[in-house]
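Colleague: I'm new to this one and would like a close look at a single part. Could you walk me through it once it's on screen?

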Amino acid sequence: MPRFAANLSMMFTEVPFLDRFDAAAQAGFTAVEFLFPYEHPAEAIGERLKRNGLTQALFNLPPGDWNAGEKGFAALPSRFNDLKASLETALPYAKATGVKRLHLMAGIANRGERVAIEAFYKSVAWAAEFFAPHGIDVVIEPINARNVPGYFLNDFGFARDLIQELRLANLKLQFDIYHCQIIHGDVTMRLREMMPIIGHVQIASIPSRNEPDGEELNYPFLFAELDRLGYAGFVGCEYNPRGKTTDGLAWFKPYAGVKS
C-alpha cells in the first residue's frame with residue numbers, strides 16, 4: 001500500500017506553516033513534504049516532525065529568487081556558485097529533518113543550448129556527490145510547460161538518459177504523475193519502464209491539479225500499479241485542495257495511518 005506524504009506547501013494552508021505538521025498528522029498522514037523550508041529555523045521544523053511522529057519525505061533545494069520567477073539554476077552556467085552555496089544552505093535542514101531525498105530544480109533555460117545541457121549535467125553530478133556522504137538522494141523532476149513555461153527539464157526521456165549516463169547511485173527520478181500525463185501521457189507504461197530509477201512519486205488530478213479522485217486518470221489503478229511494481233518510496237500529494245483540505249480527503253481514508 002502506498003505511503004502518502006502530505007505536501008504542506010499546498011495542503012492544510014488554512015493554518016500557518018508550522019501548524020500544518022500537526023494538521024497532517026491529525027488527518028492520518030505519517031509523512032510530509034513541502035517546497036521550501038528556508039523561512040523557518042531548521043530546528044523548529046525538526047521539532048514539529050518529531051512531535052507528530054512524521055517522516056520528512058522530500059523538500060526542494062533553494063530555487064533562487066522564487067518571487068522573481070526563478071525556478072532553480074542548475075542549468076544556468078553563470079549560477080554554478082549559487083548552486084554550490086544552495087547545497088550548503090540545505091544541509092542543516094536535511095540534518096534536522098532526517099530527509100533522505102532532495103529535489104534539485106533545473107531553472108528556466110533553453111534545452112536546445114549545449115551550454116545549458118552541460119551546466120545541468122555538471123550541477124546534477126556536483127549535487128549528488130555533495131549529498132552522497134550524508135546518505136541523501138538527489139532527485140530531478142520534469143515539469144510541464146503549461147505550469148512552468150521555459151523550464152529546462154520538461155522531458156522524462158531526457159531525465160532518464162541523464163540519470164543512466166551519470167550512473168550515480170544516489171541520483172534518482174522524481175516522477176510526478178501530473179506532469180507526466182500533461183507532457184507525455186501513457187503514465188502506466190512510463191512507470192513500468194522507469195521504476196528502477198524512480199526515487200519519489202507525486203500525484204494530482206489532471207487537468208485541475210486538485211485531489212486525485214477523478215478527471216483523466218484512474219488513481220486507484222495507479223496506486224495498485226505502484227504496489228505491483230514494488231515501489232517502496234513515498235507518494236507526495238502535491239495538489240491544490242478544492243476547498244478545506246480535510247473536506248477533500250475521502251480518497252485518502254483507505255490509506256490513512258500507513259506507517260512510513
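What volume does the second largest pocket have? And please carry on from there to whatever else helps me get my bearings.

Modeller: Happy to, and bear in mind that this is a predicted model. The second largest pocket has a volume of about 220 Å³. Its lining is made up of 16 residues, and those nearest its centre are Leu-35, Trp-66, Ile-143, Arg-209 and Glu-238. Sorted by class, that lining holds 6 nonpolar, 6 polar and 4 charged residues. You'll meet two of those names again in the largest pocket, which has about 320 Å³ of space: Leu-35 and Trp-66 are among the residues closest to its centre, along with Phe-36, Pro-37 and Glu-39. In all, 13 residues line the largest pocket, with 6 nonpolar, 4 polar and 3 charged ones.

Now for helix α8, residues 219–228. Tyr-219, Leu-222, Phe-223, Glu-225 and Leu-226 are buried there. These five sit on the same side of α8, because they cover an arc of only 155° around the axis. That fits the usual helix pattern: with 3.6 residues a turn, residues three or four places apart point the same way. What do the buried residues of α8 pack against? You'll find β1 (3–7), α6 (177–183), α7 (187–194), β7 (198–203) and β8 (234–237). On the face turned away from the buried side, Pro-220 and Arg-228 are exposed. After α8 comes Gly-230, with a positive phi near 80°.

Notes: Residues numbered from 1 in each chain as written. Predicted model: local features only at pLDDT ≥ 70, side-chain atom pairs only at ≥ 80, totals over all residues. Heavy atoms only, no water. 1 Å grid on protein atoms, 1.4 Å probe; cavity = no way out; pocket = protein on both sides within 12 Å on 5 of 7 lines; lining within 4 Å. Points joined across faces, edges and corners; volume = space filled by probe spheres on them. Nonpolar A, V, L, I, M, F, W, Y, C, P; charged D, E, K, R; others polar. Buried < 20%, exposed > 50% of the residue type's maximum accessible area, 1.4 Å probe, protein only. Helix = DSSP H or I, 4+ residues; strand = E, 2+ residues; numbered from the N terminus. Arc of directions from axis to C-beta. Contact = heavy atoms within 4.5 Å.
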